[in-house]
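Here are my notes on this entry, set out as numbered points. Please read them with the structure open.

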Amino acid sequence: MTILVTGGAGYIGSHTVRLLRSSGRDVVVLDSLERGHRESLFDTPLVVGSIADESLVERVCRDFEVTDIVHFAAYKSAGESMETPGMYWLNNVQGTVHLVEGALAAGVNRLVFSSSAAVYGSPASLPVRESAPLAPENVYAETKAVMERVISWYGVTRGLRWASLRYFNAAGAAADGAIGEDWSITTNLVPLVMKAALGASGPLKVFGTDYPTPDGTGVRDYIHVEDLATAHVAALDHLATGGADITVNLGTGRGASVLEVLRETERVSGRPVPHEFVSRRPGDPAEVYADASLAAQLLGWKATHTLADIIESAYAWHSAHPTGFR
Ligand code: WQD
């Protein structure tokens with residue numbers, strides 16, 4: 001009973017690998033290491049390679065007696081996806097087709113998929129439910145929506161069993177400080193706030209103060225990466241015990257503004273966060289937060305970490321590891 005984790009050397013992947021192993025599961029990671037870090041895996045078996053190499057996927061599944069797959073491997077930068085869309089279609093979508101073909105050839109037919117709330121685009125109503133229309137606003141988000149459809153059609157045509165998990169804004173780091181996010185390749189708020197707080201960058205740019213939100217800055221549903229990890233374990237157990245194919249939101253159900261994140265960081269760090277107010281970032285919705293009730297109902301899962309937990313763990317990681325895993 002081994003779990004194959006693609007992209008397991010990445011941010012959410014590495015936190016999920018740690019939880020799977022600490023809860024007694026055998027794990028093997030397939031990662032190209034293009035953007036992941038071998039150091040985040042410690043002694044977890046790692047095969048360096050591409051999910052697009054069907055024969056490699058089949059061989060790994062057979063050699064490690066894989067029974068289930070958690071599929072994180074994907075490029076995930078919204079901005080980059082608009083500049084180089086081809087690499088997103090090939091890596092994210094075509095790569096998923098090859099992964100599934102290789103897995104099915106080895107008789108593996110259970111897959112938990114790392115999707116994203118980005119598939120909703122700018123939601124028309126809040127909180128966001130799984131039944132909300134999909135309206136991706138960039139190629140990255142579109143690839144996640146297409147990957148969900150590809151996976152569901154493999155369910156119809158080849159009997160693949162699947163759970164698609166739509167993350168809201170993943171943030172934070174392992175509570176014991178052993179692993180965390182690589183801030184060198186991110187455009188996300190929490191690591192960038194940490195960078196500014198620790199003097200590793202110039203002032204944080206606050207994108208817009210004129211949104212129709214309580215303090216005028218953008219509101220998002222920040223969910224702790226260790227809460228995401230527990231949701232993946234719950235989804236694996238759901239499928240392994242015969243549960244139906246599902247698509248669920250993973251969020252806290254609560255929104256926090258940019259200024260709330262900034263103020264919480266100042267409280268935790270005891271230092272000011274240099275920042276400047278600039279114009280809105282194109283494509284940013286004012287407010288996004290989840291209705292997470294379906295995951296509670298189907299998986300018995302709820303987020304347990306607070307925004308304070310997120311900021312405290314992120315600050316502990318980044319202040320102790322200013323150069324990340326390097
Ligand atoms: C959060 C808030 C910004 C940076 C993106 C992807 C999504 C998902 C999560 C993968 C917004 C504000 C940000 C900064 C700022 N990724 N902000 N200054 O845009 O909600 O979602 O990351 O699945 O697919 O779209 O996250 O962290 O970029 O922004 O003011 O330097 O912080 O305007 O309100 P976002 P984010």
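**Notes on salt bridges and the ligand site**

1. Glu58 has a relative accessibility of 24%, so this residue counts as partly exposed. The model is a predicted one, and the points below should be read that way. Glu58 pairs with Arg62 in a salt bridge, with 2.8 Å between the closest N and O atoms. Both residues belong to helix α2, which covers residues 54-63. They sit four residues apart, about one turn of the helix. Arg62 is partly exposed as well, because its relative accessibility is 47%, and the exposed class begins only over 50%.

2. A second pair joins Asp245 and Arg161. Their closest N and O atoms are 3.6 Å apart, and the contact is a salt bridge. This pair links distant parts of the chain, with the two positions 84 residues apart in numbering. Asp245 lies in the loop between α7 (225-240) and β11 (246-250). Arg161 lies in strand β6, residues 161-167. Asp245 is partly exposed at 34% relative accessible area. Arg161, at 22%, also counts as partly exposed; the buried class needs a value under 20%.

3. Helix α8 (residues 258-269) holds a further pair, Glu266 and Arg263. Their side chains meet in a salt bridge at 3.3 Å, N to O. The spacing is three residues, about one turn of the helix. Arg263 is partly exposed, with a relative accessible area of 42%.

4. What links Glu264, Arg267 and Glu312? These residues are joined in a network of salt bridges. For the model, the count of salt bridges comes to 18. As background, side chains of opposite charge can pair when their charged atoms come close.

5. Is Ser257 buried or exposed? Ser257 is buried, at 2% relative accessible area. The residue lies in strand β12, residues 256-257. Its side chain makes a polar contact with the side chain of Asp215, at 2.5 Å.

6. Now the ligand. Its surroundings comprise 18 residues. Tyr140, Leu189, Lys205, Arg220 and Asp284 come nearest. By class, the shell has nine nonpolar, five polar and four charged residues.

7. Which elements supply the shell around the ligand? α6 (189-197) and β8 (204-207) each give at least two residues. The largest share, four residues, comes from β8.

8. Why does the ligand lie between domain 1 and domain 2? Both domains give residues to the shell, so the ligand lies between them. Domain 1 is made of 2-171 + 223-250, and domain 2 of 183-221 + 253-320. Please keep these split ranges in view when colouring the model by domain.

9. Three side chains deserve a look for their polar atoms beside the ligand. In Asp284, a polar side-chain atom lies 2.6 Å from a ligand oxygen. For Asn188, a side-chain N or O atom is 2.9 Å from an oxygen atom of the ligand. For Ser116, the corresponding distance to a ligand oxygen is 3.1 Å. Taken alone, the ligand exposes 690 Å², and the protein buries 88% of that.

Definitions and conventions. Residues numbered from 1 in each chain as written. Predicted model: local features only at pLDDT ≥ 70, side-chain atom pairs only at ≥ 80, totals over all residues. Heavy atoms only, no water. Near = heavy atom within 4 Å. Polar contact = N/O pair within 3.5 Å; in protein donor to acceptor, adjacent residues only side chain to side chain. Areas by Shrake-Rupley, 256 points an atom, 1.4 Å probe, with all protein chains shown as cover. Nonpolar A, V, L, I, M, F, W, Y, C, P; charged D, E, K, R; others polar. Domains from an automatic or database assignment. Salt bridge = Lys/Arg side-chain N within 4 Å of Asp/Glu carboxyl O. Buried < 20%, exposed > 50% of the residue type's maximum accessible area, 1.4 Å probe, protein only.
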